[in-house]
Amino acid sequence: MALTVDDVLRRLRDQAIERVDLGLCDLSGRWHHLTVAAELIQPSSFSEGVSVAALPAAGFGGESLAAGDLPEAAVVLDAASAWRDPFLPTAPLSLFGWMRCRSDGHPGCARSLASRATEALASSGLADTALFQVAPHLLLRGAGERSAGRIPLGEHGQAAALPERSLAFRSELLSLLGTPAPLQAAELLPAADGLMRLGYTAHHLAACCGLSAALVAAERPAEAAGCLPVSQSLRKARLPLFYGEGTRADLSQTARWYIGGLLLHAPALLALTGTGASIDGGWGGAGSAAPLRRAYAPGVGSTVVGLPVARPTPASQRLAFVAIEAAANPYVSWSALLLAGLDGIRRQIDPGGIQALEPSHPPAEAQPDPFPPLPTHPLAALEALATDHAFLLEGDVFSSAWIAFWIQRQRRRLPLAPPQGEPFRSV
């Protein structure tokens, strides 16, 4: 249960907590920890923020967080993010925050983007709630990269079939997280916080056991290897907006337009959702020549957008964006997905027809994808982002300066483009 500001202040007082850990996330998805005196946490800390000048310098030395005018910055805390970090015994309470400067955010603080995306949704008039959800498995590896087990984490995972060692690891991990279902559908910020918290806890717990841990998709067809699909849905006044009874796949027109936005902007989105694999050279970690088909179909397979295979209810209707790396920063990538979908609704973008799960006619007669193929190299995705990012500027979530900074940053981290005519493959 999420805590309120009063809950957090009461806990600090009643439990005589002296030290609090503040967590900030940079653009690479790394947490920066700042341990501060509890007396600095006041009611205004959750609205106006804690001045950076009052905070210790340690923790702000990262590549991204060092950008900007830090003396003018403040760290705004989120009471709903409060949790007990099991690997930080010096601070009995941890809080996630985001940095705010004289502008609306800080260029190197990823969580500030998600905070502004949430505000942009509320002011759009199109919806008031966006729910996000992932359903990863945990891949454990021992010495020499030998697989030590693949562990389902969601409520419906086949935990009973796990080896005893993996079952014990899963039980300990969920116990440390404090919930049996850490990845339920939630609004953007808490959902992204949950994924970050899961990855952080799994990494440290695995290290304690002499293992390494990685989050991977529950279903990993060859076309989507390395991707971690994220499901999305919109609501307004608690009414689900993606369900249309009696339509094809029970999709509302709003859902179809949202899909249209995702497909239209997919090349640019890849520059923000494919950052994990981009660093070591290929899409999906598998070096495939083309990431996915630019279409939508039932299941999480070879198309950019996947739909539920089973018939949904109004509350369960959602769609999954598949072309997103497990290593991608959720605050950055999910904010971009939301803005692309909202742009599709505003512009009423037609996504074309639903592709068959398994076409019953020969490929030559199959319905063509409604959009051109996706880029086959990360550099091409960055070029797409450079020319197609107006949708990201809505609501002042991203800025032109931020986009330029991101493109320059990613180009420095990428290998050179392959020779013309040759597909890019990782080595």
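The legends below describe an overall view and several close-up views of one predicted model.

**Figure 1. Overall view of the predicted protein chain and its confidence.** The model is predicted, with local features requiring pLDDT of at least 70 and side-chain atom pairs counted only at pLDDT 80 or more, whereas totals for chains, interfaces and linings use all residues. Residues are numbered from 1 along each chain as its sequence is written, and side-chain values use heavy atoms, with hydrogens and water left out. The mean pLDDT (the predictor's confidence in each residue, from 0 to 100) is 82 for the protein chain, and 77% of its residues reach 70 or more. Two stretches have pLDDT under 50 throughout: residues 276-290, for which the model has 48 contacts beyond four places in sequence, and residues 358-365, for which it has two such contacts; a contact here means heavy atoms within 4.5 Å. The protein chain has 10 helices and 15 strands, taken as DSSP runs numbered from the N terminus (helices H or I, at least four residues; strands E, at least two). Of its 427 residues, 52% count as buried, where buried means under 20% relative accessible area, exposed means over 50%, and partly exposed lies in between (1.4 Å probe, protein chains only). Among contacts with a separation of 6 or more, 70% join residues 24 or more positions apart.

**Figure 2. Close-up of the largest nonpolar core, with Leu 234 among its residues with the most contacts.** A nonpolar core is a set of buried Ala, Val, Leu, Ile, Met, Phe, Trp, Tyr and Cys residues joined through side-chain atoms within 4.5 Å. The largest one has 94 residues, and those with the most contacts inside it are Leu 234, Phe 321, Tyr 331, Trp 334, Leu 338 and Phe 398. Helix 4 (residues 188-208) supplies the largest share of this core, 11 residues. Apart from it lies another core, of 27 residues, which includes Ile 41, Leu 77, Leu 93 and Met 99. When neighbours within four places in sequence are left aside, the residues in contact with Leu 234 include Leu 121, Ala 127, Tyr 258, Leu 338, Leu 342 and Ile 345.

**Figure 3. Close-up of the largest cavity and its lining.** The structure holds six cavities of 30 Å³ or more, and the largest has a volume of about 50 Å³. A cavity is a set of points, on a 1 Å grid over the protein atoms alone, where a 1.4 Å probe fits but cannot get out, and lining residues have an atom within 4 Å of a point; grid points are joined across faces, edges and corners, and a volume is the space filled by probe spheres set on the points. The lining of the largest cavity consists of Asp 21, Gly 23, Trp 31, His 33, Trp 83, Asp 85, Ser 94, Phe 96 and Tyr 200. Strand 1 (19-25), strand 2 (31-37) and strand 5 (93-100) are the elements that give two or more residues to this lining.

**Figure 4. Close-up of three buried strand residues, Trp 98, Leu 138 and Ala 217.** Trp 98 belongs to strand 5 and has a relative accessible area of 11%; its C-alpha atom is 5.5 Å from that of Val 75, a residue 23 positions away in sequence. Leu 138, in strand 7 (residues 136-141), has a relative accessible area of 1%, and its C-alpha atom lies 6.6 Å from that of Ala 213, although the two residues are 75 apart in sequence. Ala 217, in strand 10 (residues 212-217), has a relative accessible area of 3%. Beyond its neighbours within four places in sequence, Ala 217 is in contact with His 137, Arg 150, Cys 227, Leu 228 and Pro 229.

**Figure 5. Close-up of three loop residues, Ala 237, Thr 313 and Gln 348.** Ala 237 lies in the loop between strand 11 (230-236) and strand 12 (239-240), where its phi is near 50°, a positive value in a residue other than glycine. With a relative accessible area of 63%, Ala 237 is exposed. Gln 348, in the loop between helix 8 (330-347) and helix 9 (378-387), also is not a glycine and has a positive phi of about 55°; its relative accessible area of 49% makes it partly exposed. Thr 313, in the loop between strand 14 (303-307) and strand 15 (319-321), counts as partly exposed at 43% relative accessibility.

How values were computed: On a 1 Å grid over the protein atoms alone, a cavity is a set of points where a 1.4 Å probe fits but cannot get out, and a pocket is an open set with protein on both sides within 12 Å along at least five of seven lines; lining residues have an atom within 4 Å of a point.
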